[in-house]
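Okay, thanks for making room for me today. Have a look at this one while I talk, and hold your questions until I'm through.

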Amino acid sequence: MNVADLLKDLQSRYEQAMARADDLRRQIEHLTSALADAENRLADLATARKIVQEITPDGTDPHPAEPSTAYQQVLDAFNQHPDQPFRVRELHELLGWPTDDPALNVTCSRRGRLTRQGFLTQTGRGIYKKRT
């Protein structure tokens, strides 16, 4: 095989690998978005469940307790440190969660939702703390 053929073959393999990497990036973006949507739905359902529990006459829960959601873990962290502002990476480190970009992006989405719901307040760019 001559040099020109070798370069052509390498270029073809490079383009295939680049296309595969692009496809995987699109899949990651899609799955990250789908996970954020699912987490949002879980939070909505957990909130609805709490409201129903508060208005039931005997205050009993017809279902056993479930493990806390990621939203609840975030709120618990802010409740344990009510005067401390957090960046999303600091929050992940405190909770022992991964600090890779997709995980941080999902938590940014959660944090935004908790802010819109009035649980958190933004004190600076990317800095949030418990609303008092």
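I'll go from the overall layout to one histidine, then the core, then the charged pairs.

First, a caution: this is a predicted model. Along the sequence you get α-α-α-α-β-β, which is 4 helices and 2 strands. The protein has 132 residues, and 21% of them are buried. If you take contacts between residues at least 6 apart in sequence, 45% of those join residues at least 24 apart. The exposed area comes to about 9400 Å², with carbon and sulfur atoms supplying 55% of it.

Okay, zoom in on helix 3, which runs over residues 88–95 and holds H92. Is H92 buried or exposed? It's buried, at a relative accessible area of 2%. And what does the side chain of H92 have for polar company? One of its polar atoms sits 2.5 Å from the backbone oxygen of P98. Skipping neighbours within four places in sequence, H92 is in contact with W97, P98, T99, A103, L104 and T107.

H92 has buried company in helix 3, namely V88 and L91. Look down the helix axis and the buried residues of helix 3 fall within an arc of 100°, so they line one face. What covers them? The cover includes helix 2, residues 70–80, and helix 4, residues 101–116. One more thing for the backbone people: just after helix 3, G96 takes a positive phi of about 75°.

Now the core. As a rule, nonpolar side chains in soluble globular proteins tend to be buried together. Here the largest nonpolar core has 13 residues, and the members touching the most other members are V74, F78, L91 and L114. Which helix gives the most to this core? That's helix 2, with 6 residues. So we meet L91 again, having already seen it among the buried residues of helix 3. F78 is worth a click too: leaving out neighbours within four places in sequence, its contacts are F86, L91, L120, Y128, K129 and K130.

Last bit, the charges. Side chains of opposite charge can pair when their charged atoms come close. How many salt bridges does the structure hold? There are 5, and I'll show you three of them.

Start with R13 and D9, whose side chains meet at 3.2 Å, N to O. These two are 4 residues apart in helix 1, which spans residues 3–55, so about one helical turn separates them. R13 is exposed at 53% relative accessible area, while D9 is partly exposed at 28%.

Next, still in helix 1, R20 and D23 are 3 residues apart, again about one helical turn. Their side chains form a salt bridge at 3.6 Å, N to O. R20 counts as partly exposed at 48%, and D23 is partly exposed at 28%.

Then there's the pair between R110 and E39, at 3.0 Å, N to O. R110 is in helix 4 and E39 is in helix 1, so this pair ties together parts that are 71 residues apart in sequence. Are these two partners buried or exposed? R110 is buried, with a relative accessible area of 7%, and E39 is buried as well, at 14%.

Right, that's my tour. Over to you.

Methods. Residues are numbered from 1 along each chain as its sequence is written. This is a predicted model: local features need pLDDT of at least 70, side-chain atom pairs count only at pLDDT 80 or more; totals for chains, interfaces and linings use all residues. Side-chain values use heavy atoms; hydrogens and water are left out. Buried means under 20% relative accessible area, exposed over 50%, partly exposed in between (1.4 Å probe, protein chains only). Contact means heavy atoms within 4.5 Å. Accessible areas come from the Shrake-Rupley method with a 1.4 Å probe; for residues, only the protein chains shown count as cover. A polar contact is a pair of N or O atoms within 3.5 Å; within protein, one must be able to donate a hydrogen and the other to accept it, and residues adjacent in sequence count only if both atoms are side-chain atoms. The arc is that of the directions from the helix axis to the C-beta atoms. A nonpolar core is a set of buried Ala, Val, Leu, Ile, Met, Phe, Trp, Tyr and Cys residues joined through side-chain atoms within 4.5 Å. A salt bridge is a side-chain nitrogen of Lys or Arg within 4 Å of a carboxyl oxygen of Asp or Glu.
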